[in-house]
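The following report describes the architecture of one protein model. The sequence and the coordinates are shown first, and the discussion proceeds from a single residue outwards.

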Amino acid sequence: MTSLFNERLFLSDTLLSFFFLICQDFLLRHSGRIKSYNISMKKFFIKTFGCRVNQVESQAIREDFLRHGFAPAASFETADICLLNTCTVTREADKDVEKLIRQISRRNPSARLVLTGCYAAAHAAHIREVFPSAQIIGKYDLGRVLFNEEDICWTVSGHEGHSRAFIKIQDGCDCFCSYCIVPFARNVKRSKPVADVLAEIKNLVKNGFAEVVLTGINIGNFCCPQTGADLAALCKEIARLPGEFRVRFSSIELQTVSDGIIQAMQNHPARFCNYLHLPLQAGSDPVLHAMNRHYNTAQYAARVADLRASVAQIGIFADVIAGFPTETEQNFEETVDFIRAQKLAGLHVFSYSPRPGTKAANLPQLPTDEIKRRAEELRALDKELRANFAASFVSTEQMVFIEEHASGKMCGLTSNFQQVILENVPPNLRGLVRVKITHAEGTVCYGTVK
């Protein structure tokens with residue numbers, strides 16, 4: 001009789017515990033009011049879409065997950081929480097995000113699905129309607145909701161899977177170019193304090209990173225919230241830091257490239273890379289005006305001339321959009337001619353994609369085939385420009401940052417962003433090394449370590 005009573009008591013306790021766990025799991029996964037989830041959720045999965053800013057943000061989130069006792073999952077199928085750091089710069093970016101949402105919902109329906117980033121911010125109503133199980137959390141609410149902390153500081157100690165380190169120094173853009181959805185998702189401008197940027201660089205250099213990339217949505221708008229220091233003033237402080245490392249600027253808008261920034265590049269060539277990515281978007285003034293860009297071709301050409309006169313062997317790359325709605329064939333030819341005249345080092349070509357809510361989306365659109373043709377012509381021009389750029393380094397010596405292995409060979413980047421494959425070097429070579437460029441094949445240089 002006692003044995004039977006104990007057995008029933010055991011079964012009762014087991015069922016009660018099981019019921020409690022089910023209730024707890026339901027609450028944790030479905031209540032947005034609960035702030036801390038790290039008691040039951042131990043495995044996390046992060047997928048990053050889009051730009052370098054998203055990549056460095058995901059690294060910061062990853063480090064916070066690890067700091068709170070979570071472990072990375074091998075895939076989204078085994079994760080307790082799946083966080084998608086999203087992008088909405090094109091329709092294809094939206095489709096990529098939505099495809100993964102469906103896969104997670106189908107193959108791991110019990111996981112807590114969190115969406116953050118530009119797609120989540122710009123299309124919240126659509127997400128709630130089509131993907132009701134997904135939880136939308138703003139970038140600056142992640143710390144509070146996930147970890148019961150005020151904010152994620154966006155500071156990183158490294159960059160998983162990368163040889164170079166990226167630092168987010170700025171967020172937000174309110175330019176509202178007529179084709180761009182980003183200001184609808186990130187229109188509040190924020191900057192990291194100068195002291196925090198300097199401390200982060202010091203820590204990354206201590207951790208072995210010899211190249212650090214300053215990134216943001218519009219880094220030229222950097223403004224220290226404590227001192228009001230701009231990007232040029234930040235550069236002066238970075239130039240004073242000890243150690244052998246170099247700093248690269250990510251994409252920066254033409255009108256924010258101040259004389260002070262150019263002087264920093266000129267006066268400290270070992271510290272600041274002789275490279276800039278200056279978005280152009282179009283080489284035709286009527287199209288630039290319709291795009292609501294804040295410069296014309298004469299101003300762009302003048303700044304490029306200033307840079308070339310001040311910074312030796314500078315590599316200037318640009319974004320360009322193919323098939324903007326108002327772009328005529330003559331406008332397109334003007335763009336091609338302008339790019340050639342500037343002797344740019346390379347292009348990042350975008351096929352125009354209408355983003356709902358932007359001014360350009362309401363304009364009559366060009367035929368898809370015409371947009372594709374123009375994009376293909378620009379990509380062919382990109383290869384031509386990159387090949388010319390690579391050929392210009394033959395017989396020169398360059399400081400190369402060892403970045404990764406390619407096809408069993410070691411490769412890296414010059415200061416001005418030329419890819420170099422290194423021959424006859426030890427496999428454990430790392431950091432910055434002096435290289436003699438022996439020859440170029442297409443868009444790639446080859447060299448030997450001095």
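Leaving aside its neighbours within four places in sequence, with which residues is Thr215 in contact? In this predicted model, the contacts of Thr215 beyond four places in sequence are Arg52, Val53, Val56, Ile167, Lys168, Ile169, Gln170 and Ser250. Thr215 belongs to strand S8. The residue is buried, since its relative accessible area is 2% and the cut-off for burial is under 20%.

**The four-stranded sheet**

Strand S8 is part of an open sheet of four strands, ordered S7-S6-S8-S9, with mixed pairing. The edge positions are held by strand S7 (190-191) and strand S9 (246-249); each has a single partner strand, so one side of each lacks a neighbour in the sheet. Strands of a sheet pair through backbone hydrogen bonds, in either the parallel or the antiparallel sense.

Strand S6 (residues 165-171) and strand S8 (residues 211-216) run parallel and are joined by five bridges. Within the sheet, Gln170 lies opposite Gly216 of S8. Helix H2 (residues 52-67) lies across S6 and S8, and its direction makes an angle of about 105° with S6.

On the other flank, S8 pairs with S9 in the parallel sense through four bridges. Val213 has Arg248 of S9 as its bridge partner. The connection from S8 to S9 passes through helix H9 (residues 231-239), and this β-α-β crossover is right-handed. In a regular strand, side chains alternate between the two faces of the sheet. In S9, Arg246 and Arg248 point one way while Val247 and Phe249 point the other way, and all are buried.

**The environment of strand S11**

How many of the eight residues of strand S11 (residues 315-322) are buried? Eight of the eight are buried, so the strand is largely enclosed by the rest of the structure. Its two faces are both covered: Gly315, Phe317, Asp319 and Ile321 are buried on one side, and Ile316, Ala318, Val320 and Ala322 are buried on the other.

S11 pairs with strand S10 (residues 275-277) in parallel fashion through three bridges, and Tyr275 stands opposite Gly315 of S11. The pairing of S11 with strand S12 (residues 346-351) is also parallel and comprises six bridges. Here Ile321 is placed opposite Phe350 of S12. From S11 the chain crosses through helix H13 (residues 329-342) to S12, forming a right-handed β-α-β crossover.

**Residues in loops**

Three loop residues are partly exposed, as the table records.

| Residue | Loop | Relative accessibility |
|---|---|---|
| Gly50 | between strand S1 (43-48) and H2 | 47% |
| Phe176 | between S6 and helix H7 (182-185) | 34% |
| Phe417 | between strand S14 (409-414) and strand S15 (419-422) | 27% |

Gly50 touches Gln55 and Cys87, when residues up to four places away in sequence are not counted. Its C-alpha lies 8.0 Å from that of Thr88, although Gly50 and Thr88 are 38 residues apart in sequence.

Most residues other than glycine have a negative phi. What is the phi of Phe176? Phe176 has a positive phi, near 50°, and is not a glycine. Phe417, likewise not a glycine, has a positive phi of about 75°.

**The second largest pocket**

Rolling a probe the size of a water molecule over the atoms shows where empty space is left. The second largest pocket holds about 390 Å³ of space. Its lining consists of 21 residues, and Pro269, Ala270, Phe272, Met399 and Ser415 are the ones nearest its centre. Helix H10 (259-267), strand S13 (397-406) and strand S16 (432-441) are the elements that contribute two or more residues to this lining.

**The protein as a whole**

The protein contains 14 helices and 17 strands. Of its 450 residues, 50% count as buried. Among contacts between residues at least 6 apart in sequence, 72% join residues at least 24 apart. The contacts of Thr215, in strand S8, include Arg52 and Ile167.

How values were computed. Residues numbered from 1 in each chain as written. Predicted model: local features only at pLDDT ≥ 70, side-chain atom pairs only at ≥ 80, totals over all residues. Heavy atoms only, no water. Pairing = 2+ DSSP bridges. Contact = heavy atoms within 4.5 Å. Axes fitted to C-alpha atoms, helices over the stretch in contact; angles between N-to-C directions. Buried < 20%, exposed > 50% of the residue type's maximum accessible area, 1.4 Å probe, protein only. Right-handed = clockwise from strand over helix to strand, strands pointing away. 1 Å grid on protein atoms, 1.4 Å probe; cavity = no way out; pocket = protein on both sides within 12 Å on 5 of 7 lines; lining within 4 Å. Points joined across faces, edges and corners; volume = space filled by probe spheres on them.
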